[in-house]
Amino acid sequence: MGIADNTRDIEETIVTDFSDRMSYGGYLELDRLLSAQRPLSDPQHPDELLFIIQHQTTELWMKLVVHELNQARAFLRHDDLAHALKCVARVKHIQKSMAEQWSILATLTPSEYAQFRQVLGNASGFQSHQYRCIEFALGNKNAKMLAVFDAKPEQQAVLREALESPSLYDEFLRYLARAGYEIPASVLERDVTLAWVFTPDIMPVFEKIYNDPESNWAAYETCEELVDLEENFQFWRFRHLRTVMRIIGMKTGTGGSSGASFLQRALDLTFFPELFAIRTEIGLTERDTKPNWAS
């Protein structure tokens, strides 16, 4: 018996002539995309390509996250909760992929990275305007970040718009108010350019929702989806921190930050503090101590 040639015949109906047709590479602009990886080390270090692709793919995923969060906010403004939650669900899946990517970069050893780190100059993920857009969209506003993009007016304009727009949480609270929940006017009319901070005045609303989920299911489900978003984001931050510590230890960052200790402090930032605080209140008995905000 002869040995099979282990090939698959091309079906006659498969298109092979792309002289005047749209091709896969043309649609995705692969010539442009795959030529965007330009290592600067000389002689070229073989691991610099990994470093570049890791960050480029992250930026592509962040572009989609920004898009989906913008869509979610627009749907909430029109009281279309179902479609808003679909966007949030997609973001959650993207977050998981982004977090898992850190394990690929973690294969880069300190010795390997040290051989080409100098070519980065002051380039740093701190300068990612898309990352800042995501943080702003989720409520971690910081107008001082605009100065980082003075040399990039187009990026700065996009970030300024994100700063001046209501966050996803702002839009959710406005949706709740329109749905009949007692959201204080001070919350609805707040300065949205400021970072969201824990607001005791809206805790009774979340008490109502969490004490009777069945009667408040749409709001309850959305609260839990937002908790998922924050947990995923914090996990991404944590994986970032641990990867940085694994590769450069406690060195200062290329962008001038303190490095790992700067990333560590980011773990204290929160998007939806009331949705975590309410967990302390649910199911309290007379013997339990009430949280400070409830006193």
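**Exercise 1. Which residues lie nearest the centre of the second largest pocket, and how many residues line it?**

Before starting, keep in mind that this is a predicted model.

*Solution, step by step.*

- Begin with the centre of the second largest pocket, where V66, N70, R73, V158 and E161 are the nearest lining residues. The full lining has 14 residues.
- Next, look at the volume of this pocket, which is about 320 Å³. Helix 3, helix 6 and helix 7 (153–164) are the elements that give two or more residues to its lining.
- Helix 3 contributes the most, with six residues.
- Finish with the classes: the lining of the second largest pocket has six nonpolar, four polar and four charged residues.

**Exercise 2. Find the largest cavity and describe what lines it.**

*Solution, step by step.*

- Start with the whole structure: a search of it finds three cavities of 30 Å³ or more.
- Now pick out the largest cavity, whose volume is about 90 Å³.
- Trace its lining on the model: you should meet M62, V65, L69, V91, Q95, M98, Y131, I134, L138, F233 and W236.
- Ask which helices are involved. At least two lining residues each come from helix 3 (48–77), helix 4 (81–105), helix 6 (129–138) and helix 11 (217–248).
- Sort the lining of the largest cavity by class, and you get 10 nonpolar residues, one polar and no charged.
- One lining residue deserves a second look: L138 lines the largest cavity, and L138 is also among the residues with the most contacts inside the largest nonpolar core.

**Exercise 3. How many residues does the largest nonpolar core have, and which have the most contacts inside it?**

*Solution, step by step.*

- The largest nonpolar core has 68 residues.
- Those with the most contacts inside this core are L138, Y169, F172, L173, L176 and F206.
- Take L176 as your example. Setting aside its neighbours within four places in sequence, L176 is in contact with Y181, I183, V205, F206, I209 and A219.
- One of these partners, F206, is itself in the list of core residues with the most contacts.

**Exercise 4. Is R190 buried or exposed?**

*Solution, step by step.*

- Locate R190 first: it sits in the loop between helix 9 (185–188) and helix 10 (203–211).
- Then check its relative accessible area, which is 16%. Buried means under 20%, so R190 is buried.
- Follow the side chain of R190, which reaches the backbone oxygen of L194 at 3.2 Å.
- Finally, look beyond the neighbours within four places in sequence: there R190 is in contact with D170, A195 and W196.

**Exercise 5. Compare the surroundings of two residues with positive phi, N6 and D79.**

*Solution, step by step.*

- Take N6 first. Although N6 is not a glycine, its phi is positive, about 60°.
- N6 is placed in the segment before helix 1 (24–28). Its relative accessibility is 74%, so N6 counts as exposed.
- Turn to D79, a residue other than glycine whose phi is also positive, near 60°.
- D79 belongs to the loop between helix 3 and helix 4. With a relative accessible area of 40%, D79 is partly exposed.

**Exercise 6. Where does P43 lie, and what form does the peptide bond leading to it take?**

*Solution, step by step.*

- P43 is in the loop between helix 2 (30–34) and helix 3.
- Now turn to the bond itself: the peptide bond from D42 to P43 is cis, and its omega is near 5°.

Note on methods: Residues are numbered from 1 along each chain as its sequence is written. This is a predicted model: local features need pLDDT of at least 70, side-chain atom pairs count only at pLDDT 80 or more; totals for chains, interfaces and linings use all residues. Side-chain values use heavy atoms; hydrogens and water are left out. Helices (H or I, at least four residues) and strands (E, at least two) are DSSP runs, numbered from the N terminus. Buried means under 20% relative accessible area, exposed over 50%, partly exposed in between (1.4 Å probe, protein chains only). A polar contact is a pair of N or O atoms within 3.5 Å; within protein, one must be able to donate a hydrogen and the other to accept it, and residues adjacent in sequence count only if both atoms are side-chain atoms. Contact means heavy atoms within 4.5 Å. A nonpolar core is a set of buried Ala, Val, Leu, Ile, Met, Phe, Trp, Tyr and Cys residues joined through side-chain atoms within 4.5 Å. On a 1 Å grid over the protein atoms alone, a cavity is a set of points where a 1.4 Å probe fits but cannot get out, and a pocket is an open set with protein on both sides within 12 Å along at least five of seven lines; lining residues have an atom within 4 Å of a point. Grid points are joined across faces, edges and corners, and a volume is the space filled by probe spheres set on the points. Ala, Val, Leu, Ile, Met, Phe, Trp, Tyr, Cys and Pro count as nonpolar, Asp, Glu, Lys and Arg as charged, and the others, Gly among them, as polar.
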